[in-house]
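Please open the model in a viewer and keep the sequence panel visible. The tour below proceeds from the whole chain to particular selections.

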Amino acid sequence: MPQLWATARSIGTGLRRVFFWFLGTSITSVWFVFRDPAFDYRWLCVGALIADVLDAPFGGARAFHSMPVSIAALVLVVLASAGRKRWRKRALAVPIGMMLHLVFDGAFATTKMFWWPFAGLHFADKPLPSVARGWFDVVLELIGLVALAWVWRTFGLRSKAQRDLLLKQGRLELVTVRRR
Ligand SMILES: [Zn+2]
């Protein structure tokens, strides 16, 4: 019986990986902060999800839940894209997504993890915040879904042209602007 319980628990933990929360919060934050229709939202989504994907196999929050690592990624993009303005603009969406993940994951609450490696090389053996929150993640996922529904409506993603714009160029445009 205890073994069955342990198996059920580990399956539950595996399923409790927050997804919509990070997509919804990142897309809406970038829209309200930058108001830039040319921003590449596809790469933003990659950046917003990459930390949990890359850290999960190591058993918890590791290097990708640290702000210095996100800043290093930002510097790397800036250096690698010297003289390539268009490429830079697109690629910057990844580190921006990584930073937004830290904000909406509440990663700053764990100093040792957030400032790794400056707060010591050893990882504070913490689980992924999106696993440690437990049932509260259901609430976050619902909020994320509401945000995504707003994105769907606001940017007219019911229309194939608007969806293509997002999938092929990473762009979100207000429907009213496009019709004008
Ligand atoms: Zn995370």
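**The whole chain**

From the N terminus on, the elements of the chain run α-α-α-α-α-α-α-α-α-α-α. This is a predicted model, and its secondary structure comes to eleven helices and zero strands. Colour the 180 residues of the chain by burial: 29% count as buried. If a contact map is at hand, consider the contacts with a separation of 6 or more; residues 24 or more positions apart account for 66% of them.

**Select helix H6, residues 93-104**

Is H6 largely enclosed or not enclosed by the rest of the structure? Eleven of its twelve residues are buried, so H6 is largely enclosed. To see them, display Ala93, Val94, Pro95, Ile96, Gly97, Met98, Met99, Leu100, His101, Leu102 and Phe104. Next, add the packing partners of these buried residues, namely helix H2 (20-34), H3, H4 and helix H5 (85-91).

A distance check on the end C-alpha atoms of H6 gives 16 Å, which agrees with the 16 Å that twelve residues should span at 1.5 Å a residue. Just after H6, select Gly106, where phi is positive at about 65 degrees.

**Add helix H4, residues 67-80**

With H4 and H6 shown together, how do the two helices run relative to each other? Their axes come within 8 Å and cross at roughly 170 degrees. Angles over 145 degrees count as roughly antiparallel, and H4 and H6 are therefore roughly antiparallel to each other. The crossing in which H4 passes H6 is left-handed.

To examine the contact itself, select Met67, Ser70, Ala73, Leu74 and Val77 on H4, together with Val94, Pro95, Met98, Met99 and Leu102 on H6. By residue type, this contact divides into nine nonpolar, one polar and no charged. The spacing of such selections along a helix may be read against a general rule: an α-helix has 3.6 residues a turn, so residues three or four places apart point the same way.

**Move to Gly60**

Finally, centre the view on Gly60, in the loop between helix H3 (41-55) and H4. Gly60 has 17 other C-beta atoms within 10 Å; because a residue needs 20 or more to be buried and 12 or fewer to be exposed, Gly60 is partly exposed.

Which residues does Gly60 touch, leaving aside those up to four places away in sequence? They are Asp55, Asp125, Lys126, Pro127 and Leu128. Draw the C-alpha to C-alpha distance from Gly60 to Leu128: the pair is 68 residues apart in sequence and 4.5 Å apart in space.

Methods: Residues numbered from 1 in each chain as written. Predicted model: local features only at pLDDT ≥ 70, side-chain atom pairs only at ≥ 80, totals over all residues. Axes fitted to C-alpha atoms, helices over the stretch in contact; angles between N-to-C directions. Helix = DSSP H or I, 4+ residues; strand = E, 2+ residues; numbered from the N terminus. Parallel < 35°, antiparallel > 145°, perpendicular 65-115°, else oblique. Left-handed = near helix turned anticlockwise from the far one by under 90°. Contact = placed C-beta atoms within 7 Å. Nonpolar A, V, L, I, M, F, W, Y, C, P; charged D, E, K, R; others polar. Expected span 1.5 Å × (residues − 1).
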